[in-house]
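Biologist: I would like to go through the labels on this structure one by one. Please justify each against its cut-off.

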Amino acid sequence: MDAGKAIFDTVEKLRQRRTAPLVLELDLTEGLTEGPPADPLAALMSMRKPRLSDVLAGLKRARQDSRVKALIVKIGGNPIGLATVQELRQAVVQFRASGKQTVAFAETFGEFGAGTVPYFLASAFERVYLQPSGDVGLTGVVLEQRFLKNALGKLGVDYQVGQRHEYKTAANTFTQDHMTEPHRESMARIVESVTEQLVAGIAEGRRLDPAKVRELIDRGPFIGAEALEAGLVDGLAYRDEVYDEVKRSAGADAHLQYVSRYHRASAVKKLPQPTADGIALVHGSGAIRTGRSGRGPLGGGGAMGSDTISAALRAARRDQHVKAVVFRVDSPGGSYVASDTVWREVVLTREVKPVIVSMGDVAASGGYFVAMAADVIMAQPGTLTGSIGVLGGKPVLSELMGKIGVDTEQVSEGANAGMFSTSRAFSPEQWDRVNAWLDRIYDDFVGKVAQARDLSRERAHELARGRVWTGADARERGLVDELGGLEDALLLARKRVGLAEEAPVRVYPKLNPLERLRGPESSEDKAAALARVRLDAWGPLARLSAELGLPAIGPLALPAWYRIR
């Protein structure tokens, strides 16, 4: 009898839980992941991070779900890129418009430090709560660069670097002791554009005049009580107080559930038929390099391998049930050759079915190269893109080596056999070869931009020259077609091919366990797109590995300090 009662009680609890009101929760303490893990190490490192696509899809579904009463988001200190924040804000605004509660909670928006972008996210919510001991670091936007030329000169290190053209400033850290005018002009416009976006968003979300928001930015950072008085937050409360209030308002038996778990549970209930027509989603994240995607063993970031992305695009375009492809790009660039390889596969795929590019936080230099041939390019206003240019060269360490007593001798055949050695400078003839290489890459890049974006070569060059644009500015200049996020790109892809709004999205390549174990039959097999842990992706030791002769990131790359968080 007792056993039967226990079983009955358990079943009853499960039934009540399935029908109870839902409060969706999103914990951003550890940040977000852009797409599915590229390799086992990436999967391990992202175990506790929600996936952006799951969050967006979950919130979209929840708008129509009568069980879902509210959304509560804990905004943490792990920085999230501006474009990703804009995607989240858009999803929150749409969720809020469906008549459901939205609440943001933070222990602090910067512990007496910068917290402008996290607060920008919070401003989209109906109510914003701050722990009483927390601060609001609403301080504005800054891009800062350090210049090492004089320090390196004291050590005896010289840099020989060529660039195309004046806005391609990645090497200025080593070759200049101050910002050049083009460098300052480009960075100033990025800061101005981003500030315009932040001010407009905060003003709308908090129902403040934009001039008032700018005044508050100049007064920040704010202690909690000051933020409350200024109307930046709605209350000072601890987590338990905020969560209890939201659950009470949703219903006495309300159940708390993570957005990602809600999405996965809903997706399982509505599994599409294997033969149902749908959209392919291909993720390209990280520095672009030849070979397969993966991650370095010493903590380096992920890499977009040209073999992996190419195989994924081939599989998607050959699948008769895939009617369009959405290519999600979040990359600062890297190898020119690898970028060109992916570009070619985008061109071939576009000949068969529509290709829509969705840009993440950054899709610049090589990241723009792989995107430019798509039918439609979508970016967030805060996406960093463009940087259509190239640089290349080497450090010359002969004086430094001499100072520390290191002698170098060479034995070679071929006039230019040792031209890439860091122990001596380029000869005039070698420098001519470097410049011919830079001219070839730049001319190819600009020519393909002109063709893809239906621009004259002169106009493409004017927009190029290595300059970085925000997505908003790139849209005005024709480098981007539309402003929007991943869900917008998926919706557009479905419309392009006449599919229903709920038509399935399949991540490519998606392999079953047997396919993973047996390995690819050939380079045409979708299993060829498997990622791996790359032993040549040295992450924090990239500069040392380059000096040791290991592969560097490449000539089409955007400096990491351009990220706005």
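**Labels and their reasons**

Modeller: Start with two rings: Phe-109 and Tyr-119 are both buried. Keep in mind that this is a predicted model.

Biologist: What makes Phe-109 and Tyr-119 an aromatic pair, and of which kind?

Modeller: Their centres lie 5.6 Å apart, and the cut-off for a pair is 6.5 Å. The planes stand at 90°. Over 60 degrees counts as edge-to-face, and edge-to-face is the label of this pair.

Biologist: Where in the chain do the two partners sit?

Modeller: Phe-109 is in the loop between β3 (101-106) and α5 (116-122). Tyr-119 is in helix α5, and the two are 10 residues apart. The pair links distant parts of the chain.

Biologist: Why is the pair of Tyr-336 and Phe-369 called edge-to-face?

Modeller: The ring centres are 6.0 Å apart, and the planes meet at 80°, so the pair is edge-to-face. The angle needed is over 60 degrees. Tyr-336 belongs to helix α14 (residues 336-350) and Phe-369 to helix α15 (residues 366-369), with their positions 33 residues apart in the sequence.

Biologist: How do you know whether Tyr-336 is buried or exposed? And which label does Phe-369 get?

Modeller: Buried means under 20% relative accessible area. Tyr-336 has 9%, so Tyr-336 is buried. Phe-369 has 0%, so Phe-369 is buried.

Biologist: Which aromatic cluster includes these rings?

Modeller: Tyr-336, Phe-369 and Phe-445 form one cluster. The structure holds 5 aromatic pairs.

Biologist: What makes Lys-448 count as a charge over the ring of Trp-343?

Modeller: The charged end of Lys-448 is 4.0 Å from the ring centre. The distance limit is 6 Å, and the charge must also be within 35 degrees of the ring normal. Arg-239 is placed likewise over the face of Tyr-243, at 3.8 Å from the ring centre.

Biologist: Now the helices. Why are α13 and α14 called roughly parallel?

Modeller: Helix α13 (residues 306-318) and α14 pack at about 5°, with axes 9 Å apart. Roughly parallel needs an angle under 35 degrees. α13 and α14 are therefore roughly parallel.

Biologist: Which residues make that contact?

Modeller: On α13, they include Ile-309, Leu-313 and Arg-317. On α14, Val-342, Glu-345 and Val-346 are among them. By class, the contact of α13 with α14 has 6 nonpolar, 4 polar and 3 charged residues.

Biologist: What are α3 and α20 called, and why?

Modeller: Helix α3 (residues 52-62) and helix α20 (residues 486-496) pack at about 70°, with axes 10 Å apart. The range for roughly perpendicular is 65 to 115 degrees. α3 and α20 are therefore roughly perpendicular. Ser-53, Leu-56, Ala-57 and Lys-60 of α3 meet Leu-486, Glu-487 and Arg-494 of α20. That contact divides into 3 nonpolar, 1 polar and 3 charged residues.

Biologist: Why does Thr-84 count as buried?

Modeller: Its relative accessibility is 6%, so Thr-84 counts as buried. The limit is 20%. Thr-84 is in helix α4 (residues 82-97). Beyond neighbours within four places in sequence, Thr-84 is in contact with Leu-32, Leu-52 and Asp-361.

Biologist: And which label fits Ala-188?

Modeller: Partly exposed covers the range between 20% and 50%. Ala-188 has 42%, so Ala-188 is partly exposed. Ala-188 is found in helix α8 (residues 181-206). Its C-alpha is 9.3 Å from that of Val-142, and the two are 46 residues apart in sequence.

Key. Residues are numbered from 1 along each chain as its sequence is written. This is a predicted model: local features need pLDDT of at least 70, side-chain atom pairs count only at pLDDT 80 or more; totals for chains, interfaces and linings use all residues. Side-chain values use heavy atoms; hydrogens and water are left out. Axes are lines fitted to C-alpha atoms, for helices over the stretch in contact, and angles run from 0 to 180 degrees between N-to-C directions. Helices (H or I, at least four residues) and strands (E, at least two) are DSSP runs, numbered from the N terminus. Angles under 35 degrees count as roughly parallel, over 145 as roughly antiparallel, 65 to 115 as roughly perpendicular and the rest as oblique. Contact means heavy atoms within 4.5 Å. Ala, Val, Leu, Ile, Met, Phe, Trp, Tyr, Cys and Pro count as nonpolar, Asp, Glu, Lys and Arg as charged, and the others, Gly among them, as polar. Rings of Phe, Tyr and Trp (its six-membered ring) pair if their centres lie within 6.5 Å; planes under 30 degrees apart count as stacked, over 60 as edge-to-face and the rest as tilted. Buried means under 20% relative accessible area, exposed over 50%, partly exposed in between (1.4 Å probe, protein chains only).
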